[in-house]
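Dear colleague,

I am passing on the structure we spoke about, with the sequence alongside it. Please have it open while you read, as the notes below go from one part to the next.

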There are 4 protein chains.
Amino acid sequence: MSSSTGTVYRVTTFGESHGPGIGVVIDGCPANFELDLENIQHELKRRRPGQSKLTTPRNEPDEFEILSGFYNGKTLGTSLAFFVRNTDMKSTDYDRWSDVYRPSHADFTYHAKYTHRTPHGGGRASVRESIARVIAGSVAGQILKKELNLETIAWVDSVGNIDADGFQEPPLDRNAVDESPVRCHNPNASRRMTELIEQVKKDGDSVGGTIGVIVNHVPPGLGDPVFDKLEADLAKACLSIPACKGFESGSGFSGTRLRGSQHNDPFYLKPDQAKSPIPSVQTPTNFSGGIQGGISNGMPILLRLAFKPTATIRKNQNTVNEKGEEVILKAGGRHDPCVLPRAVPIVESMVNMVLMDAYLRQRALQPEWYKLIQKDY
Amino acid sequence: MSSSTGTVYRVTTFGESHGPGIGVVIDGCPANFELDLENIQHELKRRRPGQSKLTTPRNEPDEFEILSGFYNGKTLGTSLAFFVRNTDMKSTDYDRWSDVYRPSHADFTYHAKYTHRTPHGGGRASVRESIARVIAGSVAGQILKKELNLETIAWVDSVGNIDADGFQEPPLDRNAVDESPVRCHNPNASRRMTELIEQVKKDGDSVGGTIGVIVNHVPPGLGDPVFDKLEADLAKACLSIPACKGFESGSGFSGTRLRGSQHNDPFYLKPDQAKSPIPSVQTPTNFSGGIQGGISNGMPILLRLAFKPTATIRKNQNTVNEKGEEVILKAGGRHDPCVLPRAVPIVESMVNMVLMDAYLRQRALQPEWYKLIQKDY
Amino acid sequence: MSSSTGTVYRVTTFGESHGPGIGVVIDGCPANFELDLENIQHELKRRRPGQSKLTTPRNEPDEFEILSGFYNGKTLGTSLAFFVRNTDMKSTDYDRWSDVYRPSHADFTYHAKYTHRTPHGGGRASVRESIARVIAGSVAGQILKKELNLETIAWVDSVGNIDADGFQEPPLDRNAVDESPVRCHNPNASRRMTELIEQVKKDGDSVGGTIGVIVNHVPPGLGDPVFDKLEADLAKACLSIPACKGFESGSGFSGTRLRGSQHNDPFYLKPDQAKSPIPSVQTPTNFSGGIQGGISNGMPILLRLAFKPTATIRKNQNTVNEKGEEVILKAGGRHDPCVLPRAVPIVESMVNMVLMDAYLRQRALQPEWYKLIQKDY
Amino acid sequence: MSSSTGTVYRVTTFGESHGPGIGVVIDGCPANFELDLENIQHELKRRRPGQSKLTTPRNEPDEFEILSGFYNGKTLGTSLAFFVRNTDMKSTDYDRWSDVYRPSHADFTYHAKYTHRTPHGGGRASVRESIARVIAGSVAGQILKKELNLETIAWVDSVGNIDADGFQEPPLDRNAVDESPVRCHNPNASRRMTELIEQVKKDGDSVGGTIGVIVNHVPPGLGDPVFDKLEADLAKACLSIPACKGFESGSGFSGTRLRGSQHNDPFYLKPDQAKSPIPSVQTPTNFSGGIQGGISNGMPILLRLAFKPTATIRKNQNTVNEKGEEVILKAGGRHDPCVLPRAVPIVESMVNMVLMDAYLRQRALQPEWYKLIQKDY
């Protein structure tokens, strides 16, 4: 079950970092949608390591093959499937780790869970699995953009102690983010982040950070009561990304320090609205982060995610091996000092998958809803 | 779908705050378990409002009736169901709100989603639905305690700006938490929180805060790769609690400021261990919060949750009504200035439900695993 | 999981025959639907035993209480829940069976599965659980009737060796069925079935039979490829009814004796059709039973179900008890010599639940579809 | 959702008949199992067309590639994935059908559902998708055989009007079935079936039939109450196989003609049993087909399935095309006059997948159960 997610827009990923390739099955994609294959390839490229000197030199083209569900430029409505071959499998890189539990990796936990494990890198735990997520997220993003004008934009909001405070002035689009080598649209912060990452790389160390997300043009009414609240589904999706350790919606942790009279978002009417069954509202503040009672309210969705520093570093570390011996894990191998820039398209993909599923679930039950609320979200 | 959660330990809640009552169905509870009904009643009492002058005067006994799955003191293995009658339904309290969107409540979003809504309070969005969660969480907690010695303890870690820093010295058990009227085991912080909540109440206002969670004696191996990582399932469960806006696992947001060499948790052997197929390890630090690669590693699970200030306050507020008019919502009615103390048993329940499901899923696939790893977690 | 069914129209039943009552939770019911409560009560009455001398004298009014999801005559869109109290719990009837495995009942299998069981009747295995199914099926049926003009009609097609051959001339509506005390619209067969059931009752025995189903006005396009074919979902739903042991779609078993050239249903155009993106077709034969490739084709859906003779009889039977002793189960107690007439509304309910789920799933993905195909199905 | 099935043993298939290949993802396969890859290849070969002059000449080697979850001869516990390349894609064969609805195929229903379709054969509706099912079923079958000694054996029980009456003396193993070119262990029936199929082939026609299934050594306790009864899950799995139109469990339709006193299966003790918490029982008759109350009772499971004659024939047929014109579909192309022999391994695979899932679900909840009941089933 753990390889699948979503209820109507249902995504299943497959493959391993050191096997033949990575793929994805998408059940529940509407038929007749003109898929922009270049957009998918573009998003895969954004996810890819080795794009700048800041990231790991592992370099794979990540070209996808469509296995099913696509004909004449359009989705068939039956399940879409994509496959991306692995081309850079240096499993020898991993040989010396074969029986050692790398600290803060999944080596020990996989061994304890399955009582048996492969020495060849992370298997399903590898960040390479996120190729599949980016494909499914790009498909979802294209449909959401076309049908709702909805757009998810993520950026690197902090690296180590360098804060961009990006929510003060969120990026207008993904290009504004991509212009920065660290995917931070605040030029000053971007420059300092770049320097920090270079320094950390020289030190053979790694560094964490946070990612900010804004979703514009979300219509009110997405999400469900009780267990499948929109925030709950978003939190699960984001926390399933490797290295993600924290999630905030709207005011998040800082909002806990406010009083209700400060934190409540008063409703006002949107100007010049035509009479409609459901009034079109807005709030001058957005502490709710676009979600109230688990359901979108038409204001932008605001999320912030914490990513821990990568566990792979070029330093000796104390650890234990499978035989139950305390050993020293020697420094070595290639590594990515900061996953944040590459995590940006992965985060956008997970958010789009959740919103797509919520959109289709809402459409199943209230197909007329969008006509009743559609204004200018 | 939104009323159900879990894969093997599958919980479905039903009922509304202003209907006849609230109930829960539990599919996937092992047979032959001697259920401690007093413990369930005790947990319901912990959740109940009106226990002290700090909370809302709404006072309902919350006595449950067992509808199915229980015979002769033991679970039957078929679905358990419980029902708690509502006895204090003053729907007149809500009449004057009937067509007004209370700011930061679910009124507008429910209207936009369903294009129609009840004026009688929150329906399924009401915190009263959490009665069902507490019952299902208590059942799960009892089984986890007996079979794994696992115990989930939550506490109020901050209210407004008053921080207890409870992770420095986490509570040893729930009694240590319950001795405080605000459920904070740090006596100094508890006293100051109490004063703050009383002040906020006098002001007709509300205040938010955070909840800390420690889960002791978690065996390694719970949780799944990819989408159903233990942190992901925990995040979804916690974010589905009304008013929860943030989630951290282990070092969370503060860990993003560290370097990998500081943040990695080195492995050491547990002392005096017998030879076993899977070594028994520990880490002097626990930045991972007991979870690595989405799977428990045998160290305590550490979580921190953000709860926004309650939306119900006794102050006039600007808002909009269903007719599309801007109106002022007049202050009035009873309210709960701080939900944090009552949220403690709800949080414990959600965490226990997730861990129970993960435990049963693991047992399905690797029934021998617990013998191979069982030591002294 | 076993108490829930459906993906978007998601039904969860709860309660036991010898507990306080039976209930149902319906997630995924569209909002704003004017529910006909009398229709629900009427269907419950159709399911109820004790309506004629042909059935068991157990007589309960089966009045339902709405727990949630309903306001001002309309569905709220949030989960609907209903509860029906048990009022006729003579558990003493069952005492003498307490440790005996009644042949062809669920006593032994429940004991083997759960290693522990209640002596009080069937618990969740009782046909009384079907109250919940009939409520959920009636809600689905009302919506399908209003939105698609779709109607599911079941009838008793055979009892023992008496065949009504009802597919030759299917009933026009449920009234035509209900006019017969055995729910068979063929008057001659109805009379002979009645006589047979009375004889069987006198003999203290029971008898099986088959149920025919026709669903009229099914639009083409319901159902999914691969694992969730419409026939597959219908088969699961029907086989989950107690005592059901067989399922046929369209030509079923008798179709296996034909050649493809006889069995294929040639397509013709419906007369006088306007130009539309999808042609409107019909087939002079309907061996496919309205489903091709797992998806409805616009012709009536035709199903036939087998129900074994009730296991409860008034005759001595050889069996074994929990202590592992061979014993004789003495004749006695009330019993229903033929469940077929009562099964009719249960079958209709299960079929409607499946079609409702398929309809909502289809609407989620292709909301415009119904406009493109809508003609005169 | 329609590409996935199962709860704990969760199978997702992907790919199309005219794309690059067919694959399968298996989530929930226990770790450390020594997979017999030759057995998988053997089962694929059994499914493959072109093995004798009785079937279609389409001949593909169907060699699989393992994409994930396998290391050093053993399952890793993480998701298994397999891929089989298509090598014989003559899409030109299909060109002349491009806009014609082949009678009793999925052409029209796919068009009506998705409002758009591929002209290249059946896509996901193709029987080639069953490659994925056979792989997942072979993996399940190997584990069930090793852990429970359970074995599923299917055979062709009738072709057209030729009946083998195979339940009188079911085959002892799969070899007994495979010795016959039509997979029928009754030599006389096998010979006559072969002749019939050859004649039908000469006629350019097709013929249907039935498949019998016996599952030996099923422990009591598999399956769940209410909606996930073992028969219900088996029925869904079997009806999801292309061309399957009917399902019987135990006495099925013929049992409806019996009285309860004839049909009930009396319990007796198994001889020479040791004292155990759950008695070990048997029944001299097996009208229940090994399942009572939706749960296995330790007797062999008996199923019978109906397969309609293949829709592809070499005869002219009246039909309609996408433009809404009545046309004649000209005879031509290769075809398989009788799918029954090839359906045998597909049926076995679906049954094994269902039983594997039921076994893992049971183990999750009652891990000790197998020790309490294990005797000599």
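What follows is a short account of what was found in it, taking the core, then the relations between chains, and then one residue of chain D.

Please keep in mind throughout that this is a predicted model.

The largest nonpolar core has 390 residues, and those with the most contacts inside it are A:Val347, B:Val347, C:Val347 and D:Val347. If you would like to look at one of these in its surroundings, A:Val347 touches A:Ala154, A:Ile211, A:Val213, A:Cys238, A:Ile241 and A:Leu305, where residues up to four places away in sequence are left out of the list.

Turning to the chains, chain A can be superposed on chain B by a turn of 180° with a shift of 0.0 Å along the axis, and the RMSD is then 0.0 Å. These two copies are thus related as by a two-fold rotation axis. Of the interface residues of chain A, 100% are also interface residues in chain B, so the copies meet through the same surface.

For chain A and chain D, a turn of 180° and a shift of 0.0 Å along the axis likewise lay one on the other, with an RMSD of 0.0 Å. Among the residues of chain A, A:Thr12 comes closest to the rotation axis, its C-alpha being at 3.9 Å. Here too, 100% of the interface residues of chain A are interface residues in chain D, so the copies meet through the same surface.

As for the contact between these two chains, 35 residues of chain A are in contact with 35 residues of chain D. On the chain A side, strand 2 (10-15), strand 3 (21-27), strand 4 (64-68) and helix 2 (107-114) each supply at least two residues, and strand 2 gives the most, with four residues. Sorted by class, this side of chain A has ten nonpolar, 17 polar and eight charged residues.

Lastly, a residue you may wish to find in chain D is D:Leu37, which lies in helix 1 (residues 37-47) of that chain. D:Leu37 has 14 other C-beta atoms within 10 Å and is therefore partly exposed. Although D:Leu37 and D:Ile135 are 98 residues apart in sequence, the C-alpha to C-alpha separation of the pair is 9.7 Å in space.

With best wishes

How values were computed. Residues numbered from 1 in each chain as written. Chains lettered and ligands numbered in written order. Predicted model: local features only at pLDDT ≥ 70, side-chain atom pairs only at ≥ 80, totals over all residues. Core = buried A, V, L, I, M, F, W, Y, C linked by C-beta atoms within 7 Å. Buried ≥ 20, exposed ≤ 12 C-beta atoms within 10 Å, placed from the backbone. Contact = placed C-beta atoms within 7 Å. Least-squares fit on C-alpha atoms with pLDDT ≥ 70 in both. Nonpolar A, V, L, I, M, F, W, Y, C, P; charged D, E, K, R; others polar.
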